Amino acid sequence: MEESDSVPLFSFGVIADIQYADIEDGFNFTRTRQRFYRSSLELLERAQKHWSEETPRPRFVLQLGDLIDGFNRIHEASEKALDTVLSRLSPGPADIPVHHVWGNHEFYNFNRTFLLQSRLNSTPMSAQDQHLLTVSPGSDTHAYHFSPEPGFRFVVLDAYDESLLGRDECSAEYQRALEMIRVHNQNQDLNCPPESGFLQKRFTKFNGGLGGDQLTWLQAVLTLADRQQGRVVVVSHLPVHLGSTDPMCLAWNYDKVLELLSSHSSVVCFLAGHDHDGGYCLDPETGVHHVTLEGVIETAPESDAFGTVYVYEDRMVLKGRGRVQDRTLMFLS
Ligand SMILES: Nc1ccn([C@@H]2O[C@H](COP(=O)(O)OP(=O)(O)OC[C@H](O)CO)[C@@H](O)[C@H]2O)c(=O)n1
């Protein structure tokens, strides 16, 4: 920590798109970026070592989704890869707690039923403060909130609640998602983005959105935080602001989420992954900082891609390592 004159209230670690697989290096779909499947594990180990040696230690780590790559499924190595990565991320019971966000690669490897019963279900056991709300995000939705410090709340979103991924093809949820994507994407392969329309590019199979119940729940969580005059950080695999990402990585109903965030003064920051190049913007209308974290998978083995966020009364300071940029995020509301 460089700001030695002021002591943060607390800190937390951030890391995104590790996408580990025990396979040779490769490329992204368009072959414009190299992917380092094996060494992503070493980058994770370096991040964990760094956090565990910090004084004071970060209160928790936010793992922003895509922990293991979809290629594991083809090699029938999904569970082994998951165990490998989790053994590095949280090696012992005394370790820093990890909050896991679910991304598209989680669903290439596992279905929702498996994920809900796995260590990737990080819903707090006590689900503190959940009783204050009469609405739920949905029974199989991995969305929850927690308050690590009085006056601060973190909301973990499930951006694949409405998606073709992780849903049984016979289910009403899958059919609803299919209808939605088909309106915008007529390609035979729904992983190919539609060619016309800049913002339409987001309607691909590797994206998704928040369902109605989750939006209603988010509204209730943020209303509660407004009333308590708290500060809220919203966390999701998919970004929701065009200023912080390529449009191809936006959540399907990013506009609805943004509209909802804009009506709650408590929201100070939206943290996401998925776009491995990373991105940032300050929404001028709401004062919300949108940070998309650079992905580990497209980071060269000799570099790094993680950060620690130090939280103060009036700001958060992201201290990035390697490809992750330093940022001071002032609370403007
Ligand atoms: N134009 C494309 C892009 C991707 N695919 C296929 O979709 C699957 C997921 O793609 P992948 O690049 O692995 O997804 P990530 O979450 O790692 O990255 C998302 C953004 O691309 C980051 O910028 C995979 O099967 C691809 O082959 C496609 O068909 N067409």
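**Strands, helices and a ligand shell**

Colleague: Let's start inside a strand: which residue of β8 is the bridge partner of Phe154?

Modeller: Happy to, and keep in mind that this is a predicted model. Strand β7 covers residues 152-156 and strand β8 residues 231-235, and the two pair in the parallel sense over five bridges. Val156 has Val235 as its bridge partner in β8. For Phe154, the partner in β8 is Val233.

Colleague: And on the β6 side, which residue stands opposite Phe152?

Modeller: There the pairing of β6 with β7 is antiparallel, over four bridges. The hairpin they form has two residues between the strands, and Gly151 takes a positive phi near 90° in it. Opposite Phe152 of β7 stands Glu149.

Colleague: How many residues of β7 are buried?

Modeller: Take the two faces in turn. One side carries Phe152, Phe154 and Val156, the other Arg153 and Val155, and all of these are buried. The strand is therefore largely enclosed by the rest of the structure, its buried residues numbering five of the five.

Colleague: Which strands stand at the edges of the sheet that holds β7?

Modeller: That open sheet has six strands with mixed pairing, in the order β6-β7-β8-β9-β11-β10. An edge strand has a single partner, so one side of it is left without a neighbour in the sheet. From one strand to the next the twist averages 15°. The edge strands are β6 (144-149) and β10 (279-282).

Colleague: Nice. What angle does helix α7 make with β7?

Modeller: Helix α7 is made of residues 212-227. It lies across β6, β7, β8 and β9 (267-272). Relative to β7, α7 runs at about 175°.

Colleague: What is the average twist in the sheet that contains β1?

Modeller: Here six strands form an open sheet of mixed pairing, ordered β5-β4-β1-β12-β13-β14. At its edges are β5 (98-100) and β14 (327-330), each with a single partner strand. From one strand to the next, the twist in this sheet averages 20°.

Colleague: Within that sheet, which residue of β4 is the bridge partner of Val14?

Modeller: Strand β1 spans residues 10-15 and strand β4 residues 60-63. The two run parallel and are joined by four bridges. In β4, Val14 finds its bridge partner in Leu62.

Colleague: How are helices α1 and α3 oriented: roughly parallel or roughly antiparallel?

Modeller: Helix α1 (residues 40-53) packs on helix α3 (residues 78-89) with the axes 9 Å apart and an angle of about 25°. Angles under 35 degrees count as roughly parallel, whereas those over 145 count as roughly antiparallel. That makes the orientation of α1 relative to α3 roughly parallel.

Colleague: How many residues in that contact are nonpolar?

Modeller: From α1 come Leu41, Leu44, Glu45 and Gln48, and from α3 Thr84, Val85, Arg88 and Leu89. Two of the contact residues are polar and two are charged. The nonpolar ones number four.

Colleague: Last one: how many polar residues are in the shell around the ligand?

Modeller: The ligand is surrounded by 14 residues, the closest being Phe29, Asn104, Asn191, Cys192 and Phe206. By class, five residues of the shell are nonpolar and three are charged. The count of polar residues in the shell is six.

Note on methods. Residues numbered from 1 in each chain as written. Predicted model: local features only at pLDDT ≥ 70, side-chain atom pairs only at ≥ 80, totals over all residues. Near = placed C-beta within 6 Å. Nonpolar A, V, L, I, M, F, W, Y, C, P; charged D, E, K, R; others polar. Pairing = 2+ DSSP bridges. Axes fitted to C-alpha atoms, helices over the stretch in contact; angles between N-to-C directions. Contact = placed C-beta atoms within 7 Å. Parallel < 35°, antiparallel > 145°, perpendicular 65-115°, else oblique. Buried ≥ 20, exposed ≤ 12 C-beta atoms within 10 Å, placed from the backbone.
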